[in-house]
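Hi,

Here is the model I promised to pass on. Have a look at it first, and my notes follow underneath.

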Amino acid sequence: MYKSQPYVQISFEDFNQPLGLHMNPENRWVKKAEQIPWGQLEKDYAKNFPNPKGNVAKSLRMALGALLIQKEYHYSDEETVAQIQENPYLQFFVGLPGYQEEAPFEASSMVHFRKRLDEVTLMQINEKILSYNQKDDDDPTPPTDGSNSGTLTLDATCAPQNIKYPTDTELLNDARTHAEKIVDSLCQDYQWKKPRIYRQLAQKVYLNIVRRKKKAKKWLRKQIRKMLGFVKRDIQVIQKFLDRGAQLTEQQAIWWTTIQNIYEQQRYMYDNHTHSVRIGSLVFINHGCVLLCGEKPKPPSSLVPNLI
């Protein structure tokens with residue numbers, strides 16, 4: 001459930017400052033807030049919550065603002081919440097109506113913020129922010145007071161997606177879950193009976209790997225073999241659907257290519273007892289995916305694009 005918050009477009013003059021607290025209107029977080037069309041973004045964000053029931057989700061300003069703060073300072077989820085709790089400027093930036101001593105949300109909410117503001121959503125937000133500030137670039141007259149001018153660009157990699165290296169078992173799990181989404185979608189579109197793909201067993205195997213602190217090499221290899229088997233089964237099922245005339249959407253086609261590449265990559269490493277491969281480094285990003293073919297693994301910071 002989502003309910004538009006009445007304070008998303010609060011101005012600095014309306015921010016409730018406790019007696020004795022003087023805030024500078026020239027603070028960088030106040031300036032950044034002015035560069036973002038919160039009202040327009042709020043309307044688009046509300047469309048993602050068609051269900052009128054359930055707990056009320058946090059506003060777009062609070063979600064995006066918290067992620068931008070975290071990206072700026074490289075805080076952990078817990079530290080991000082603590083800093084917002086202690087800093088009135090950050091509280092203004094995330095849309096609170098006034099300074100408050102209690103935390104506006106729990107650290108676990110940061111996980112939900114990152115899921116809701118995925119790669120595609122951030123790209124759309126980026127375009128709207130640039131369009132909103134385009135008027136600042138229309139005046140070709142250079143500043144005469146020696147100050148800097150131009151459009152403020154914000155770093156929207158605030159919802160960071162960790163790069164999954166080829167040895168990461170999360171790659172296989174991502175491939176499996178996306179393959180299952182394709183299977184479910186095709187069965188629904190073409191009214192076909194869902195095949196048995198053992199998704200619950202596959203999820204159990206993956207969770208056992210994640211929860212186990214000490215992973216013996218022999219034991220881990222056995223689990224990876226199981227995960228390879230689940231992904232292979234999903235690939236075979238999807239291929240049978242395609243042979244029967246099923247058509248994939250553009251997004252599903254990207255997933256399909258990525259799933260096959262991940263399987264080939266992981267199968268190659270498993271068969272050859274190696275942890276390095278050059279055929280590609282792939283990463284799923286929620287509802288989209290990035291395929292980095294023919295490249296050696298790079299540090300994560302060099303692979304995450306600046307979207308804003």
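The loop between α3 and α4 is where you'll find His74. Bear in mind that this is a predicted model, but the backbone there caught my eye: His74 has a positive phi of about 60°, and it isn't a glycine. As for its surroundings, His74 is exposed, with a relative accessible area of 64%.

There is a similar story further along the chain. Gln191 sits in the loop between α9 (169–190) and α10 (199–211). This residue isn't a glycine either, yet Gln191 has a positive phi, about 55°. Gln191 is exposed too, at a relative accessible area of 68%.

Now for the inside. The largest nonpolar core is made of 34 residues. Leu60, Leu64, Phe93, Phe105, Leu117 and Ile125 are the ones with the most contacts inside that core. Seven helices each put in at least two residues: α1 (28–34), α2 (38–46), α3, α4, α5 (88–93), α6 and α7 (119–132). The largest share is from α3, with eight residues. There is also a second, separate core, this one of 31 residues, and Leu171, Leu186, Val205 and Tyr206 are among its members. As a general point, nonpolar side chains in soluble globular proteins tend to be buried together.

One helix I went through residue by residue is α6, which covers residues 109–116. Which of its residues are buried? Ser109, Met110, Phe113 and Arg114 are. Looking down the axis of α6, these buried residues fall within an arc of 145°, so they line one face of the helix. And what covers them? The cover includes α3 (60–73) and α4 (77–86), and those are the two helices flanking the loop that holds His74.

Finally, a few numbers for the whole thing. The protein chain has 13 helices and two strands. It runs to 308 residues, of which 43% count as buried. If you take the contacts between residues at least 6 apart in sequence, 72% of them join residues at least 24 apart. The chain exposes about 17700 Å², and carbon and sulfur atoms supply 49% of that area.

If you open it up, I'd start with the two loops and then go on to α6.

Cheers

Terms used. Residues numbered from 1 in each chain as written. Predicted model: local features only at pLDDT ≥ 70, side-chain atom pairs only at ≥ 80, totals over all residues. Heavy atoms only, no water. Buried < 20%, exposed > 50% of the residue type's maximum accessible area, 1.4 Å probe, protein only. Helix = DSSP H or I, 4+ residues; strand = E, 2+ residues; numbered from the N terminus. Arc of directions from axis to C-beta. Contact = heavy atoms within 4.5 Å. Core = buried A, V, L, I, M, F, W, Y, C linked by side-chain atoms within 4.5 Å. Areas by Shrake-Rupley, 256 points an atom, 1.4 Å probe, with all protein chains shown as cover.
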